[in-house]
Amino acid sequence: MQLTKDNILKALSRVQDPDLKKDLVTLGMIQKIEINGNKVSFNVVLTTPACPLKEVIKNNCLEVLEEDFGKEPVWDLFMTSQVTTIRDAAPILPQVKNIIAIASGKGGVGKSTTAVNLAVSLAKSGAKVGLIDADISGPSIPTMFNVEAEQPAVKKVGDKNIIVPIEQYGVKLMSIGFLTPADSAVVWRGPMASSALKQFICDVEWGELDYLLIDLPPGTSDIHLTMVQTVPVTGAVIVTTPQKVALADANKGLSMFRQPQINVPILGVIENMAYFTPEELPDNKYYLFGKEGGKRLAEKYDVPFLGEVPIVQSIRESGDSGYPAVLKEGITQESYMNLAKEIARQIAIRNASQSKTEVVEIKS
C-alpha cells in the first residue's frame with residue numbers, strides 16, 4: 001500500500017480506544033501526520049497523561065501499520081494527551097476541565113490521605129492538578145503537604161480580591177488551615193463553613209487545571225450541598241475501609257450523590273487499609289479490617305472498583321512528615337499511581353458516555 005496520509009488514517013481507523021469503544025481516527029486522536037521518505041511521524045492524543053492503556057494503544061497502532069505497509073517504513077509515534085472535559089463555557093472555574101469530589105461518609109478511613117496521594121499521582125503523571133481542603137473544622141492538607149507555615153498571597157483583579165493558592169509537589173492547594181492559626185479551632189455554623197468553601201471555589205486563582213479534587217469532610221453535610229450547588233461536579237470517588245461500620249456510612253455517602261436532585265456520577269470506590277503487609281514478609285497479607293468490603297460496595301451499586309491501598313507504616317509517616325507516600329518507591333507508590341490511572345480512565349469514560357452534570361438547585 002502506498003504511504004499516504006489517507007492510507008495511514010485508513011489503517012489507524014482499525015485501532016479502537018479500549019475504553020471509549022470507538023476508533024482513534026473518529027475520536028480525533030491521530031494528529032500531525034508527517035511523511036518524510038520512508039519515515040512517518042504522528043501524534044496519538046490520549047484522553048489523559050495518566051492513561052493506563054498507553055502501551056496497548058501504541059502497540060495496536062504499530063501492528064496495523066505493519067500489516068498494511070510492511071516493515072520498511074520507520075514509524076515515530078509521539079504519545080501525547082489532552083484531558084477531556086464536558087465543562088465548556090462554565091461560568092465558574094471556566095479553565096478547570098474536571099471537578100472531582102473525594103468523599104467517604106465516615107471519618108478516619110484515610111480519605112484525606114487518599115486525596116493527597118491521588119492529587120500528587122495525577123500531577124506526577126503530567127496533569128495540571130488542584131486540591132481544595134473542604135474540611136473546614138478539621139483541615140489536614142497543610143500538614144500532609146508540609147506547608148503549615150505558608151500563607152497564600154492575595155491580589156487585586158478588578159474590584160475583587162483573589163487568593164493565590166499555595167503550590168507544593170506540583171499541586172495547587174487551598175485550605176482554611178492557611179488562613180487560621182494552627183492551634184485554634186474553627187467553630188463555625190454551617191453557613192459560615194459553606195461560605196468559606198464557596199470562596200475557595202470562586203475567589204482563588206486556580207487557572208488552567210485538568211483535575212480539581214475536593215477533599216470533603218465526613219458525612220453528608222452542608223459542605224456537600226454547597227459544593228453541588230456551586231459547581232457541576234464531574235464525578236465522585238468514595239473512600240472506605242473494608243469493615244461493616246465504615247461500609248454503612250460509605251453507603252450513605254454514595255447514595256447521597258445518586259439522589260435524583262443531586263445526580264453526580266460515581267467514578268468508583270477505593271478500599272483503603274485493605275490489608276497489612278509487613279516489610280519483612282512482603283508476600284503476606286493480613287486482613288485486619290475484613291476483606292473486600294469496598295469491592296462488594298462497588299458491586300452492590302454497579303460502579304467501578306478502583307482498587308485497594310494497603311495499611312503500611314510508611315503511609316502514616318508520610319502524612320506526618322508532609323512528604324506524600326506516592327513520592328517514595330515501594331508498594332504504596334504503585335497502589336496510588338494505579339489508582340490515579342484508573343480514576344483518570346473513569347473520568348474519560350464518563351465524559352465520553354454521559355451528559356454533563358448540572359448545578360443542583362435545592363428548594364428549601
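Is Arg345 buried, partly exposed or exposed? Arg345 counts as partly exposed, at 24% relative accessibility. Keep that residue in mind. We will meet it twice.

A word on the source before we go on. This is a predicted model.

Start with the partner of Arg345. Arg345 forms a salt bridge with Glu342. Their closest N and O atoms are 2.9 Å apart. Both residues sit in helix H10, three residues apart, which is about one turn of the helix. Glu342 counts as buried, because its relative accessibility is 17% and the cut-off for buried is under 20%. Arg345, at 24%, counts as partly exposed.

Now the second role of Arg345. Arg345 helps line the largest cavity. That cavity has a volume of about 60 Å³. Its lining also includes Asp17, Asp19, Met29 and Ala348. By class, the lining has five nonpolar, two polar and three charged residues.

How many cavities of 30 Å³ or more does a search of the whole structure find? The search finds two. The second largest has a volume of about 40 Å³. Among the residues that line it are Thr113, Asn117, Ile315 and Ser318. Helix H3, residues 111-124, supplies at least two lining residues, and so does H9. The lining of this second cavity has five nonpolar and four polar residues, with no charged ones.

Next, the largest pocket. It holds about 360 Å³ of space. Its lining is made by 15 residues. Thr277, Glu279, Val312, Ser314 and Ile331 lie nearest the centre. Which helix gives the largest share of the lining? H9 does, with three residues. Helix H10, residues 331-353, supplies at least two. By class, the pocket lining divides into six nonpolar, five polar and four charged residues.

Helix H9, residues 313-321, has now come up at the pocket and at the second largest cavity. H9 also carries a salt bridge of its own, between Asp320 and Arg316. The closest N and O atoms of that pair are 2.9 Å apart. The two residues are four apart, about one turn of the helix. Asp320 counts as exposed, at 54% relative accessibility. Arg316 counts as partly exposed, at 48%.

On to the full set of salt bridges. The count comes to 11. Side chains of opposite charge can pair when their charged atoms come close. One of these pairs is Lys160 with Asp203, with the closest N and O atoms 3.1 Å apart. This pair links distant parts of the chain, 43 residues apart. Lys160 is in strand S7, residues 160-164. Asp203 is in the loop between helix H5 and strand S10. Lys160 is partly exposed, at 40% relative accessibility, whereas Asp203 is buried, at 16%. There is a network as well: salt bridges link Arg14, Glu67 and Asp68.

Last stop, a charged residue without a salt bridge. Glu271 is in strand S12, residues 266-271. Glu271 is buried and has no salt bridge. Why not? The nearest side chain of opposite charge, Arg296, is 6.9 Å away, and a salt bridge needs the nitrogen within 4 Å of the carboxyl oxygen. What does lie 2.6 Å from a polar atom of the Glu271 side chain? The backbone nitrogen of Gly294 does.

That is the tour. Thank you.

Technical notes
Residues numbered from 1 in each chain as written. Predicted model: local features only at pLDDT ≥ 70, side-chain atom pairs only at ≥ 80, totals over all residues. Heavy atoms only, no water. 1 Å grid on protein atoms, 1.4 Å probe; cavity = no way out; pocket = protein on both sides within 12 Å on 5 of 7 lines; lining within 4 Å. Points joined across faces, edges and corners; volume = space filled by probe spheres on them. Nonpolar A, V, L, I, M, F, W, Y, C, P; charged D, E, K, R; others polar. Buried < 20%, exposed > 50% of the residue type's maximum accessible area, 1.4 Å probe, protein only. Lys, Arg positive; Asp, Glu negative; His and termini not counted. Polar contact = N/O pair within 3.5 Å; in protein donor to acceptor, adjacent residues only side chain to side chain.
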